[in-house]
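Student: Please examine one part of this model closely, beginning with a single residue and working outward to the strands and the core. I would like one connected account rather than a list.

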Amino acid sequence: VAGEKLVIPNGIKVVQKAVVVPSRTVVRVATPPGSKQAPGVSGFVWPTGARVVTQYFTWQHHGIDIAGGSFSTPNYAAKAGVVEKSQCGWNSGYGCVVIIDHGGGVKTLYGHNSKLLVSAGERVEAGQTIGLMGNTGNVRGRTGIHLHFEVLINGARTNPFQFVK
């Protein structure tokens with residue numbers, strides 16, 4: 001049930017660190033641990049500090065929406081790579097969007113950010129804060145403030161749950 005607390009046996013407690021945005025500290029967060037992996041997939045971490053999935057991957061919705069945060073909730077690079085795009089605007093409804101190229105035909109997309117913290121051409125590491133959760137672009141209904149996360153394999157949108165759990 002949404003909002004229910006779970007106890008995970010042998011869970012790993014992560015170390016907190018401050019995320020600093022010029023002229024202010026945003027929030028204390030933790031770098032996420034690696035997620036469970038699909039066969040042959042490595043180096044992916046959960047892409048945000050929130051955990052509530054409000055919309056799943058379908059033929060009509062090409063990613064997952066993750067909510068449960070505020071405008072100061074960090075969004076993380078799910079895997080190391082090079083920022084291909086970091087831009088605010090309409091961007092096909094994604095609003096403030098970041099696209100990271102991980103090589104080998106693998107890219108990830110992070111939509112609806114309230115603030116972008118990386119620039120095109122910048123190298124990022126898995127777990128690095130790249131933006132803050134938001135509601136920019138085409139956001140409707142119950143999703144509100146959230147991260148829209150996609151994984152593209154050779155240009156084809158793929159269910160992100162094959163890579164993050």
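Tutor: Asp65 counts as buried, because its relative accessibility is 3% and the cut-off for burial is under 20%. The model is predicted, and the account that follows is a reading of that model. Asp65 belongs to strand S4, which covers residues 64–67. The side chain of Asp65 makes a polar contact with the side chain of His61, at 3.3 Å. Strand S4 also contributes at least two residues to the largest nonpolar core, as do S7, S8 and S12.

The wider setting is as follows. The protein contains 13 strands and 0 helices, so the order of elements from the N terminus is β-β-β-β-β-β-β-β-β-β-β-β-β. Of its 165 residues, 43% are buried. Among contacts with a separation of 6 or more, 55% involve residues 24 or more positions apart. The protein exposes about 8,800 Å², and carbon and sulfur atoms supply 54% of that area.

From S4 one may turn to the other strands named with the core, beginning with S8. Strand S8 spans residues 106–113 and is mostly covered, with 7 of its 8 residues buried. Strands S7 and S8 run antiparallel and are joined by 6 bridges. Within this pairing, Cys96 stands opposite Asn113 of S8. The two strands form a hairpin with 2 residues between them, and Gly104 in that hairpin takes a positive phi near 65°. S8 also pairs with S12, in the antiparallel sense and over 6 bridges. There, Gly111 has His148 of S12 as its bridge partner.

The largest nonpolar core has 25 residues, and those that touch the most other members are Trp46, Val98, Ile100, Tyr110, Val124, Ile130 and Phe149. In soluble globular proteins, nonpolar side chains tend to be buried together. Ile100 gives a detailed view of these surroundings. Not counting residues up to four places away in sequence, Ile100 touches Ala77, Lys79, Gly81, Val82, Val83, Glu84, Val106, Lys107, Thr108, Tyr110, Val124 and Ile130. Tyr110, Val124 and Ile130 are thus both contacts of Ile100 and among the residues that touch the most other core members. Apart from this core lies another, of 5 residues, among them Tyr94, Ile99, Leu109 and Leu152.

A three-stranded open sheet may be considered next. Its order is S5-S11-S9, and the pairing is antiparallel. S5 (74–76) and S9 (115–116) stand at the edges with a single partner strand each, so one side of each has no neighbour in the sheet. S5 is joined by 3 bridges to strand S11, residues 129–132, and the two run antiparallel. Two positions show how S5 and S11 are aligned: Asn75 stands opposite Gly131, and Pro74 has Leu132 as its bridge partner. On the other side of the pairing scheme, S9 and S11 are antiparallel over 2 bridges. Leu132 of S11 stands opposite Lys115, and Leu132 is also the bridge partner of Pro74.

Two loop residues complete the picture. Most residues other than glycine have a negative phi. Asn91, however, has a positive phi of about 45° although it is not a glycine. Asn91 is found in the loop between strand S6 (81–87) and strand S7 (96–103). Asn154 likewise has a positive phi, of about 50°, without being a glycine. Its loop joins strand S12 (147–153) and strand S13 (156–158). The two asparagines fall into opposite burial classes. Asn91 counts as buried because its relative accessibility is 15%, whereas Asn154 counts as exposed because its relative accessibility is 64%. The cut-offs that place them are under 20% for buried and over 50% for exposed.

Terms used. Residues numbered from 1 in each chain as written. Predicted model: local features only at pLDDT ≥ 70, side-chain atom pairs only at ≥ 80, totals over all residues. Heavy atoms only, no water. Helix = DSSP H or I, 4+ residues; strand = E, 2+ residues; numbered from the N terminus. Buried < 20%, exposed > 50% of the residue type's maximum accessible area, 1.4 Å probe, protein only. Contact = heavy atoms within 4.5 Å. Areas by Shrake-Rupley, 256 points an atom, 1.4 Å probe, with all protein chains shown as cover. Polar contact = N/O pair within 3.5 Å; in protein donor to acceptor, adjacent residues only side chain to side chain. Pairing = 2+ DSSP bridges. Core = buried A, V, L, I, M, F, W, Y, C linked by side-chain atoms within 4.5 Å.
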